[in-house]
Amino acid sequence: MTQPRKKRVLSGMRSTGKLHLGNYVGALANWVKMQDEHECYFCVADWHALTTDYADTSQVKQNSIDVLLDWLAAGLDPARCVMFIQSHVPDHAVLHLLLSMITPLGWLERVPTYKEQQENITGKDLSTYGFLGYPVLMTSDILLYKADFVPVGEDQAAHVELTREIARRFNNFYGKNAPVFPEPQTVLTPAPKLHGTDGRKMSKSYGNTIMLTDPEPVVRQKLKTMVTDPARVRRTDPGNPDVCPVGDLHKIFSDATTNEKVNVGCRSAGIGCIECKSWAADALVNILNPMQERRKKYEENPRLAWDILENGSEQARKNAGATMDEVRDAMGMSLKLDG
Ligand code: TRP
Ligand code: SF4
């Protein structure tokens with residue numbers, strides 16, 4: 001019996017530099033798991049980085065390298081997935097152009113992140129053609145590989161929904177005989193949102209992150225200053241790990257025994273926050289250490305990492321090229337005389 005075709009996964013991250021624990025829990029950890037079940041493509045979206053930072057491109061390349069190193073550190077494995085860089089697979093731009101022809105302006109203006117970011121991000125000029133087209137570029141990333149699944153955080157779900165609508169519209173126009181693009185499904189990361197050291201959502205722009213590259217003393221120091229259950233003012237006040245950012249860290253990274261100790265000890269004021277935080281730091285150091293070990297190998301020899309991206313991009317170009325042949329056929333624009 002022939003095996004059914006493996007489902008295909010595509011996801012990506014913008015080139016924004018080194019990743020933090022929130023990026024790991026919110027996406028990367030899930031990707032690492034998916035490598036064994038599916039045929040996976042992961043895209044370093046460096047063109048997407050330009051949609052908000054087009055004037056100064058001096059950091060884009062280094063940011064792409066940093067993202068890649070963190071992927072490799074976290075356990076993405078070139079033998080089990082394809083890692084590639086968007087700007088070196090030109091068909092992303094070609095498909096983006098064709099899809100831009102069929103995408104109604106109203107669909108883009110209605111994407112929630114569009115207005116939100118225009119209102120909330122000050123100091124950046126977001127009134128460009130490229131920024132409006134951000135979700136169309138993302139759609140091209142996804143459809144070029146005919147992805148079945150797109151693992152993303154909740155903030156990206158509206159973009160994948162738009163991808164489905166654009167795929168449907170394309171198939172309606174040009175896929176009368178057979179649909180060209182499958183409508184991809186969003187796979188939401190099961191992990192809860194991670195809080196930063198100040199208790200707000202962990203985010204680079206808040207300066208409250210724990211980075212995957214933070215050395216042990218930095219992790220311990222950041223934990224020391226992390227906010228806790230605000231009701232626990234004195235050592236003798238009982239607390240509640242369910243409303244404490246440190247409690248959340250335990251739930252994600254500590255074993256059952258530690259979680260039990262935290263739960264009982266916090267609620268009865270049997271343990272102090274300092275002790276509790278040191279256990280959380282232990283758990284973090286435990287998962288970050290092996291990542292940092294792995295990262296070292298590539299940091300010392302960046303060529304190794306770059307080769308992975310080059311090989312991945314070559315593989316991606318082949319897949320993308322095959323899809324573009326089908327796209328041209330479906331649109332009646334191939335050079336075949338009978339097509
Ligand atoms: N827009 C995504 C983000 O900001 C990154 C991204 C680019 C992406 N291309 C993608 C995610 C394709 C999923 C699929 O996080
Ligand atoms: Fe948070 Fe731990 Fe302090 Fe409880 S004991 S409030 S879980 S840091």
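In this predicted model, α12 and α13 each supply at least two residues of the shell around ligand 2. That shell consists of Thr228, Asp229, Arg232, Pro241, Cys244, Val246, Val262, Cys266, Cys273 and Cys276. By class, seven of these residues are nonpolar, one is polar and two are charged. Asp229 and Arg232 are the charged members. Cysteine counts as nonpolar in this scheme, and Cys244, Cys266, Cys273 and Cys276 belong to the shell.

Ligand 2 takes up the space of the largest cavity. The volume of this cavity is about 100 Å³. Its lining comprises 13 residues. Arg232, Cys244, Cys266, Cys273 and Cys276 lie nearest the centre of the cavity. These five residues also appear in the shell around ligand 2. Three helices each supply at least two lining residues: α11 (245-253), α12 (256-267) and α13 (273-300). The greatest contribution is that of α13, with three residues. Eight lining residues are nonpolar, two are polar and three are charged.

A search of the whole structure finds two cavities of 30 Å³ or more. The second largest cavity holds about 30 Å³ of space. Its lining is formed by Asp214, Pro215, Glu216, Val219, Leu284, Val285, Leu288, Asn289 and Gln292. Two helices, α10 (216-224) and α13, each give at least two residues to this lining. Here too α13 provides the largest share, now five residues. Leu284, Val285, Leu288, Asn289 and Gln292 are the residues concerned. The class division is five nonpolar, two polar and two charged residues. Asp214 and Glu216 are the charged pair, while Asn289 and Gln292 are the polar pair. Helix α13 thus contributes to the linings of both the largest cavity and the second largest cavity.

Ligand 1 has 13 residues around it. His48, Tyr134, Met138, Asp141 and Gln156 come nearest. Three of these side chains are placed at short listed distances from nitrogen atoms of the ligand. A polar side-chain atom of Tyr134 lies 2.7 Å from a nitrogen atom of ligand 1. For Asp141, an N or O atom in the side chain is 2.7 Å from a nitrogen atom of the ligand. For Gln156, the corresponding distance is 2.9 Å, again between a side-chain N or O atom and a nitrogen atom of ligand 1. On its own, ligand 1 has 360 Å² of accessible area, and the protein covers 90% of this. Two or more shell residues come from each of β1 (8-14), α8 and β4 (149-152). The shell divides into seven nonpolar, four polar and two charged residues. Asp141 is one of the charged residues.

The second largest pocket contains about 170 Å³ of space. Its lining consists of Trp47, Leu50, Thr51, Ala93, His96, Tyr129, Gly130, Gly133, Tyr134 and Leu137. Four helices each supply at least two of these residues: α2 (46-50), α4 (91-102), α7 (129-132) and α8 (134-143). Six lining residues are nonpolar and four are polar, with no charged residues. The polar members are Thr51, His96, Gly130 and Gly133. Tyr134 lines this pocket and is also among the residues that come nearest to ligand 1. Helix α8 likewise gives at least two residues to the pocket lining and two or more to the shell around ligand 1.

Terms used: Residues numbered from 1 in each chain as written. Chains lettered and ligands numbered in written order. Predicted model: local features only at pLDDT ≥ 70, side-chain atom pairs only at ≥ 80, totals over all residues. Heavy atoms only, no water. 1 Å grid on protein atoms, 1.4 Å probe; cavity = no way out; pocket = protein on both sides within 12 Å on 5 of 7 lines; lining within 4 Å. Points joined across faces, edges and corners; volume = space filled by probe spheres on them. Near = heavy atom within 4 Å. Sits in = over half its atoms within 2 Å of the grid points. Polar contact = N/O pair within 3.5 Å; in protein donor to acceptor, adjacent residues only side chain to side chain. Areas by Shrake-Rupley, 256 points an atom, 1.4 Å probe, with all protein chains shown as cover.
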